[in-house]
Amino acid sequence: MFLAPITVLFNFVLSLSSSLTYPAIVDVGEIYENERPFQHEIKISNNGRDVIEILSVETTCGCTIAEMEKKELAPGEEVMLNVTIDTVGKRGGMEKKITLKTQEQDYLIKVRGFVRKEVGGHSTGFLQKKIFNEPCASCHSNDEGKMSKTLFAAVCSFCHGPHGSGGTAPALNRLSFLKSVDDNDLYDIIANGREESGMPAFLDSHGGPLSKEQVLSLLPYLRRDEKLLNRLKEKKKPSLNEEKNPRRNHSFPESTPNGL
Ligand code: HEC
Ligand code: HEC
């Protein structure tokens, strides 16, 4: 794999500055969205002269559990970090971060993979609803009384990134996308989800956590920058009438070599 040399390089560099040797990036390749969580073992070793105590092993998402049988590593000792990832709700590129904390420093391990829908498996909609039940719900459907921007931050940004700027799911602040859908389409996507592709159904009558009012409150938020984006796009077009845009000439008296 392309990433293998990178992993080796990181290992080498990190082992110079510390005595804990571990892969900075673990690429697990192609895995499937499945009811059975995905499991993987990662080797950690102490190449130094002193005992290393790992104070805690932390992950950001409850879908990823990382455990070690032993937290005190004698010099030369090796231990396995057992990683379990609940793949429900994931689709496409995945990256989960695990942090090992010691007195001296934190060690970050990134587990990467590509998640596919299992052929002949349960429908995605069935699996995705798990994200709205415990133990996932405490973080993923923490929508109580929230609307608009705060609602988006609480339930959508996990996948679509902060303010919809893109994460494991597509960015939603793209002009081309916003232009291609009207409010009915947007409502439909959020309320009913898109079973095949990994967007969960959010409306309560479809098994999701949100009321109709909450789903509706997201529409103006998603469209918040549409006018601004439109104006920016207009600005980018070369102006035919220089008179209308005099400041442009004043602030850039010299033309740049490539004529911009
Ligand atoms: C302690 C709060 C918490 C719990 C509990 C939790 N998550 Fe998450 N989840 C997060 C955070 C924070 C992120 C964004 C950072 C990241 O990706 O780790 C996230 C991201 C995600 C994503 C989108 C990114 C990706 O991995 O594709 C999915 C899907 C997901 N979680 C599924 C689940 C499932 C399934 C469960 C239950 C088994 C669960 N989560 C439990 C906090 C939580
Ligand atoms: C578990 C991850 C996840 C969560 C949480 C999530 N989405 Fe999505 N969403 C996706 C994925 C994956 C797609 C891509 C579907 C596709 O391409 O058909 C998507 C697609 C969309 C689209 C269509 C984008 C396009 O380019 O066609 C919209 C709109 C959208 N989501 C809005 C939301 C809103 C609003 C929320 C919060 C209420 C939300 N999503 C929460 C995963 C998620």
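A residue counts as buried if 20 or more other C-beta atoms lie within 10 Å of its own, as exposed if 12 or fewer do, and as partly exposed in between. Keep that rule at hand, since the tour begins with a residue it sorts. One reminder before you start clicking: this is a predicted model.

**Stop 1: Gly48**

Select Gly48, in the loop that links strand S3 (38–46) to S4. Is Gly48 buried, exposed or partly exposed? It has 15 C-beta neighbours inside 10 Å, so it counts as partly exposed. Now add Ser19 and Pro75 to the selection: Gly48 touches both, leaving aside residues up to four places away in sequence. Pro75 sits 27 residues from Gly48 along the chain, yet their C-alpha atoms are separated by 5.7 Å.

**Stop 2: the whole chain**

Zoom out and switch to a cartoon view. The protein chain has nine helices and nine strands. Of its 260 residues, 23% are buried. Among contacts with a separation of 6 or more, 59% are between residues 24 or more positions apart.

**Stop 3: the five-stranded sheet**

Colour S2, S9, S8, S4 and S6, in that order: they make an open sheet of five strands with mixed pairing. At its edges you will find strand S2 (25–33) and strand S6 (72–73), each of which pairs on one side only.

Next, select strand S8 (92–102) and strand S9 (106–117). These two run antiparallel and are joined by ten bridges. They form a hairpin, with three residues between them. To follow the register, pick out two pairs: Gly92 stands opposite Val115 in S9, and Gly93 stands opposite Phe114, also in S9.

Then bring in strand S4, residues 52–59, which pairs with S8 in the antiparallel sense over five bridges. Here Glu58 is the residue to select, with Thr99 of S8 opposite.

If you want to display the links themselves, turn on the backbone hydrogen bonds, because strands of a sheet pair through them, either parallel or antiparallel.

**Stop 4: the four-stranded sheet**

Hide the first sheet and colour S1, S3, S7 and S5. In that order they form an open sheet whose pairing is antiparallel. Strand S1 (20–21) and strand S5 (64–68) are the edges, each pairing on one side only. Follow S5 to S7: five bridges join these antiparallel strands. One pair to label is Ala66 with its bridge partner Val83 in S7.

**Stop 5: the nonpolar cores**

Leave Ala66 and Val83 selected, and add Val57, Ile98, Ile109 and Val111. These six have the most contacts inside the largest nonpolar core, which has 18 residues. The elements giving two or more residues to this core are S3, S4, strand S7 (78–85), S8 and S9. Another core, of 14 residues, lies apart from it; among its members are Cys156, Ile190, Val215 and Leu222.

Back in the largest core, centre the view on Ile109. Which residues does Ile109 touch, not counting those up to four places away in sequence? They are Tyr22, Pro23, Ala24, Val26, Ile42 and Ile98.

**Stop 6: ligand 1**

Select ligand 1 and show its surroundings. There are 20 residues around it, and Cys61, Gly62, Gly89, Cys136 and Cys139 come nearest. Two or more residues of this shell come from each of S8, helix H3 (137–140) and H4. H3 gives the most, with three residues. Colour the shell by class and you will see ten nonpolar, six polar and four charged residues.

Why does ligand 1 lie between domain 1 and domain 2? Colour domain 1 (4–117) and domain 2 (124–233) separately: both give residues to the shell, so ligand 1 lies between them.

**Stop 7: ligand 2**

Finish at ligand 2, which 22 residues surround; Cys156, Cys159, Ser197, Gly198 and Met199 are the closest. Helix H4 (148–160) and helix H6 (183–192) are the elements that give two or more residues to this shell. Of these, H4 is the one to highlight, as it gives the most, with five residues. By class, the shell has 16 nonpolar, four polar and two charged residues. Look again at Cys156 before you close the viewer: it is one of the closest residues to ligand 2, and it also belongs to the core of 14 residues from Stop 5.

Conventions
Residues numbered from 1 in each chain as written. Chains lettered and ligands numbered in written order. Predicted model: local features only at pLDDT ≥ 70, side-chain atom pairs only at ≥ 80, totals over all residues. Near = placed C-beta within 6 Å. Nonpolar A, V, L, I, M, F, W, Y, C, P; charged D, E, K, R; others polar. Pairing = 2+ DSSP bridges. Domains from an automatic or database assignment. Contact = placed C-beta atoms within 7 Å. Core = buried A, V, L, I, M, F, W, Y, C linked by C-beta atoms within 7 Å.
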